[in-house]
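Okay everyone, thanks for coming. Let's take a few minutes to look at some salt bridges and one strand together.

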Amino acid sequence: MKDFRPRKATFIALLFFAATQSIATAETTPPNIIIVLCDDLGYGDIGCYGHDVIKTPHLDKFAKQGLKLTDCYAAAPNCSPARTGLMTGRTPSRVGVYSWIPFLSPMHVRETEITIAHRLKDAGYETCQVGKWHLNGWFNLPGQPQPSDMGFDHWFATQNNALPNHRNPYNFVRNGIPAGPLEGYASHLVTDEAINWLDHRDEKKPFFMYVCYHEPHEPIATDPEYAALYGNGDKPSLEAHHGNITQMDTAFGRLMKKLETLNLEDNTLVIFTSDNGPAMTRIHPHGSTDGLRKYKGHLYEGGIRVPGLVRWPGHVKPGTTSDVPVSAVDFLPTLCEVAGTTPPTDRVLDGTSVLPVFHGKNVTREKPLYWQFNYAKSDPRVVIRDGDWKLLSKLDLNDQGNLTDITDQQMQQFKTAKLQGFELYNLKQDRNETTDLSKTNPQQLNKMVAAMTEIYTQVQQEGPTWPAWTWPRYEGQRIEWPSYRGK
């Protein structure tokens, strides 16, 4: 009778083959990807970026588990343009999103644009968006693309703010169906939806999740549990602002804990960032830039430099820091490379893959990083950063008008305005932009003016114009402001 027991050598060979096949499968399986985007969170608003009062234990722990970017940038100093640049890899003025988009505005990200979600879905990913959308004016209405048209299988979103504020919002929409009045605070409601989706996703597919917290954008509403961490009610504005960030941090911690519970942590790339610098409003003038110049609405560093944290076990070394400049317009080409697919090749992209930065290396760019915001609160309206150098330029605008109405004059000036009046800074030596070097470094100035002019001319030619429109102030009539407003 034959002995069918495997010989020892054969058995070891079989074990080795099974192990190598398992490793090969793990290495070729694309990772899950999560982008977490906050709203108006300043560069210095969390503990791991230097704030010594605001409590962000979950983000501080997350920073130690991965990579901290010291020179991370939003795509714009204002919310809709910033989100447009992140999603498309294209500077927002090229796409035609020139400012924040009020409800019912004709301005939107057009259906011809290709998003991160489009490319990852085509690569076999299941996709989900939860939280603030803000890439169209006709939200959940026919005539403009909705999240489902922009590559998302599942979405749970608001057009802009949670209304009447972060507490008990009633304006969330789930896959085209209004969700109705909800109980709780926005960041936790967004996290609840994300967690529920993770529990019911197609486990055979990798996933891409875009989590957009409303915090700490106004109209702020903070659970007393978190506000009480910063006082006894004698500083209600500060307590609400700081508590709002801790509230978001707690929600973020719950989402990270869910990844751990589902054993997804090791094969999930998570990026945490913000859409622009702190708002510094009359009601809540408490955001921090860690000393960077200006704040939201400006093209100086405080308006566009934001927190940037990356965790990807086995790929990103824990507890590391990089000062390589990285922008949200880099996310699309980077995540395409991570997922093993290609970025769009039929259009101009303004970002580049920064995957080498995740591995502790530098990046060579074909062109400088570029920003344009014709509605900036200070004189510079166009910016490039090339290595350590940053060039800012004014525009010869007569009257660009306000951030919300669309006028024929505004649209005409987008097509005709000329660069003029330059400021030059070396950010390596002068991160706070205190010393203009344009007069003392003519060679560097001329080189960067030429590079800026080339990109600006392209953007000016490509950017679409929108029909004239007057803001109806829909949201403002529905906001419930805190009792300390005006005090």
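So, aspartate 323: its relative accessible area is 40%, and partly exposed means between 20% and 50%, so that's the label it gets. And keep in mind that this is a predicted model.

Who does aspartate 323 pair with? Its side chain meets lysine 428 in a salt bridge, 2.7 Å from N to O. The two sit 105 residues apart, with lysine 428 in the loop between strand S17 and helix H13, and aspartate 323 in the loop between strands S12 and S13. Lysine 428 has a relative accessible area of 55%, so we call it exposed.

Now, a pair with both partners buried: aspartate 39 and lysine 132. Their closest N and O atoms are 2.6 Å apart. Aspartate 39 is in the loop between S1 and helix H2, while lysine 132 belongs to strand S4, so this salt bridge ties together parts 93 residues apart in sequence.

Aspartate 71 and arginine 385 make another salt bridge, at 2.9 Å. Here the loop between S2 and S3 gets tied to strand S15, because that's where the two partners lie, 314 residues apart. Both of these are buried too.

Okay, on to strand S1, residues 32-38. How many of its residues are buried? That's 7 of 7, and both faces are covered, with Ile34 and Val36 among those on one side and Ile33 and Leu37 among those on the other. S1 runs parallel to S9, joined by 7 bridges, and it also pairs with S8 in the parallel sense, over 5 bridges. If you want a landmark, find isoleucine 34 opposite methionine 209 in S8.

Technical notes: Residues are numbered from 1 along each chain as its sequence is written. This is a predicted model: local features need pLDDT of at least 70, side-chain atom pairs count only at pLDDT 80 or more; totals for chains, interfaces and linings use all residues. Side-chain values use heavy atoms; hydrogens and water are left out. Buried means under 20% relative accessible area, exposed over 50%, partly exposed in between (1.4 Å probe, protein chains only). Helices (H or I, at least four residues) and strands (E, at least two) are DSSP runs, numbered from the N terminus. Two strands pair if DSSP finds at least two bridges between them. A salt bridge is a side-chain nitrogen of Lys or Arg within 4 Å of a carboxyl oxygen of Asp or Glu.
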